[in-house]
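Me: I'm new to this one and would like a quick tour. Can you pull it up and talk me through it?

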Amino acid sequence: MLMDTLETRRSRFGFTLIELLAVLVIMAIMMSIAVLAFLKIGHAAGMRAAVLNVQSTLNLARQNAITYRVRTKFTYGNVESDTQPLVGYYTMTTNGVLIGKTNLLDVGIVFTNPGSGSLEFKFDGSCQGLAIETNILISERDKGANALSNAITVYPLSGRIKVKY
């Protein structure tokens with residue numbers, strides 16, 4: 001009888017191999033879900049950074065036009081090459097002076113507007129040649145329906161720049 005109580009006491013304090021394996025499987029599932037969530041956050045942050053960089057460059061072009069009273073052009077586009085597409089944008093005055101530097105979007109992020117385009121800011125900050133608001137569309141390349149995309153809208157009369165997430 002004493003032996004039976006010692007045996008039952010000893011077995012109550014330990015875990016079986018099956019219980020330990022079940023806990024390990026649950027932990028592995030939780031870790032894989034967490035890793036996938038962090039990867040998705042990183043993707044969204046890359047897209048947000050690209051959109052904010054383009055918006056900042058548009059603001060720079062508009063500010064330069066107002067400050068120096070010179071027409072300033074923002075040009076953007078996708079250039080297809082054999083290895084990977086080059087997607088970039090730059091700002092220059094109509095005199096041909098480059099403002100800042102030529103910027104490239106991260107790999108996998110492209111302008112989805114057809115071809116390339118440009119916007120010209122006048123002395124008062126408005127956009128020349130636009131009758132209606134213009135959208136510059138930025139999205140992930142080759143992602144289909146799951147692609148993240150954003151639009152930067154430029155209003156012609158005020159030159160106001162707004163990001164639509």
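**A quick tour**

Reply: Let's start with a contact: K164 and E133 form a salt bridge, with 3.9 Å between their closest N and O atoms. K164 sits in strand 9 (residues 161–164) and E133 in the loop between strand 6 and strand 7, so the pair ties together parts that are 31 residues apart in sequence. A salt bridge here is a side-chain nitrogen of Lys or Arg within 4 Å of a carboxyl oxygen of Asp or Glu.

Me: Hang on, what kind of model is this, and how are residues numbered?

Reply: It is a predicted model, where local features need pLDDT of at least 70, side-chain atom pairs count only at pLDDT 80 or more, and totals for chains, interfaces and linings use all residues. Residues are numbered from 1 along each chain as its sequence is written, and side-chain values use heavy atoms, with hydrogens and water left out.

Me: Are K164 and E133 buried or exposed?

Reply: K164 is partly exposed at 35% relative accessibility, and E133 is partly exposed at 34%. Buried means under 20% relative accessible area, exposed means over 50%, and partly exposed is in between (1.4 Å probe, protein chains only).

Me: How many salt bridges are there?

Reply: The count comes to 2. R71 and E120 also meet in one, at 3.6 Å from N to O. That pair links distant parts of the chain, 49 residues apart: R71 is in the loop between helix 2 and strand 1, while E120 is in strand 5 (residues 117–121).

Me: And how covered are R71 and E120?

Reply: R71 is partly exposed, with a relative accessible area of 27%. E120 is buried, at 17%.

Me: Zooming out, what is the chain built from?

Reply: It has 2 helices and 9 strands. Going from the N terminus, the order is α-α-β-β-β-β-β-β-β-β-β. Helices (H or I, at least four residues) and strands (E, at least two) are DSSP runs, numbered from the N terminus. Of the 165 residues, 30% count as buried.

Me: What about pockets?

Reply: The largest pocket holds about 160 Å³ of space. Its lining is L36, L39, K40, H43, E140, K143, N146 and L148. On a 1 Å grid over the protein atoms alone, a pocket is an open set of points with protein on both sides within 12 Å along at least five of seven lines, and lining residues have an atom within 4 Å of a point. Grid points are joined across faces, edges and corners, and the volume is the space filled by probe spheres set on the points.

Me: Which element gives the largest share of that lining?

Reply: Helix 2 (residues 17–68), with 4 residues.

Me: Anything on the surface?

Reply: Yes, a nonpolar patch made of L17, L21, V23, L24 and M27, with about 500 Å² of accessible area together. Patch residues have over 30% relative accessible area and no salt bridge, with nonpolar side chains (Val, Leu, Ile, Met, Phe, Trp, Tyr) joined within 5 Å. The areas come from the Shrake-Rupley method with a 1.4 Å probe, and only the protein chains shown count as cover. M27 is in helix 2 and is partly exposed at 48%.

Me: Any backbone angle to look at?

Reply: Try R69, in the loop between helix 2 and strand 1 (72–79). Its phi is near 50 degrees, a positive value in a residue other than glycine. R69 is exposed, with a relative accessible area of 55%.

Conventions: 1 Å grid on protein atoms, 1.4 Å probe; cavity = no way out; pocket = protein on both sides within 12 Å on 5 of 7 lines; lining within 4 Å. Patch = residues over 30% accessible without salt bridge, like charges linked within 9 Å, V, L, I, M, F, W, Y side chains within 5 Å.
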